[in-house]
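The report below follows a few residues from the interior of a chain out to its surface. Please keep the sequence and the model in view while reading.

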Amino acid sequence: MDAAELYEKLKGFQEKKGYYFNPDQRMTMSLMESLLANKERYGHMACPCRLASGDFAADKDIVCPCVYREADVAEYGACFCGLYMSEEMAKSGRPAPVVPERRPPEKVLAALGLG
């Protein structure tokens, strides 16, 4: 599967849930490619904007779509990496906002092998 196929596979499914891809196609397709690279590297599509350990159990909170997406989109209109947006944000033409990291520090440290 390539990035375009992944995009098409996920688009309609996610839109039914109220999540829209970032209309910046260059950014979105780059993130799609990174998700596929992480799937090949780790066996799961870990968020490309976060440090993954490669252990599914440790990474399951950041497997795309991550568990933080819902709160990020509700509060900021986009998720941490900017891949997913609310319908309003996606149609606004505004760039994805900067979204603070919600992942607990101990999870980040564990991914580094320090936790």
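Which residues does Gly77 touch, not counting residues up to four places away in sequence? In this predicted model, Gly77 touches Asp72, Tyr84, Met85, Ser86 and Met89 under that restriction. Gly77 itself is placed in the loop between helix 4 (69–76) and strand 2, and it counts as buried because its relative accessibility is 8%, below the 20% limit. From C-alpha to C-alpha, Gly77 lies 10 Å from Arg94, while 17 residues separate the two in sequence.

Ser86, one of the residues touched by Gly77, occupies the loop between strand 2 (84–85) and helix 5 (87–92). Ser86 is buried, since its relative accessible area is 17% and the limit for that class is under 20%. Its side chain reaches the backbone nitrogen of Met89 at 3.1 Å, and, with neighbours within four places in sequence left aside, Ser86 is in contact with Gly18, Tyr20, Val73 and Gly77.

Tyr84 is another of the residues that Gly77 touches. Leaving aside neighbours within four places in sequence, Tyr84 has contacts that include Leu10, Gln14, Tyr19, Tyr20, Phe21, Cys64 and Pro65, as well as Arg69, Val73, Gly77, Ala78 and Cys79. Tyr84 also belongs to the largest nonpolar core, which has 24 residues, and together with Leu6, Phe21, Met32 and Leu83 it touches the most other members. Helix 1 (3–16) and helix 2 (25–42) each supply at least two residues of this core, and helix 2 provides the largest share, five residues. Apart from this core lies another, made of five residues, among them Tyr20, Ala78, Met85 and Ala90.

The surface offers a contrasting case. Leu51, Leu109, Leu112 and Leu114 make a nonpolar surface patch of about 380 Å². Leu114 is found in the segment after helix 6 (105–111), and Leu114 counts as exposed because its relative accessibility is 62%, where the class requires over 50%.

The table sets out the three residues whose accessibility has been discussed.

| Residue | Relative accessibility | Class |
|---|---|---|
| Gly77 | 8% | buried |
| Ser86 | 17% | buried |
| Leu114 | 62% | exposed |

Where, finally, is the place of Ser86? Ser86 sits in the loop that joins strand 2 to helix 5, and from there Ser86 is in contact with Gly77, whose own loop lies between helix 4 and strand 2.

Methods:
Residues numbered from 1 in each chain as written. Predicted model: local features only at pLDDT ≥ 70, side-chain atom pairs only at ≥ 80, totals over all residues. Heavy atoms only, no water. Helix = DSSP H or I, 4+ residues; strand = E, 2+ residues; numbered from the N terminus. Buried < 20%, exposed > 50% of the residue type's maximum accessible area, 1.4 Å probe, protein only. Polar contact = N/O pair within 3.5 Å; in protein donor to acceptor, adjacent residues only side chain to side chain. Contact = heavy atoms within 4.5 Å. Core = buried A, V, L, I, M, F, W, Y, C linked by side-chain atoms within 4.5 Å. Patch = residues over 30% accessible without salt bridge, like charges linked within 9 Å, V, L, I, M, F, W, Y side chains within 5 Å. Areas by Shrake-Rupley, 256 points an atom, 1.4 Å probe, with all protein chains shown as cover. Salt bridge = Lys/Arg side-chain N within 4 Å of Asp/Glu carboxyl O.
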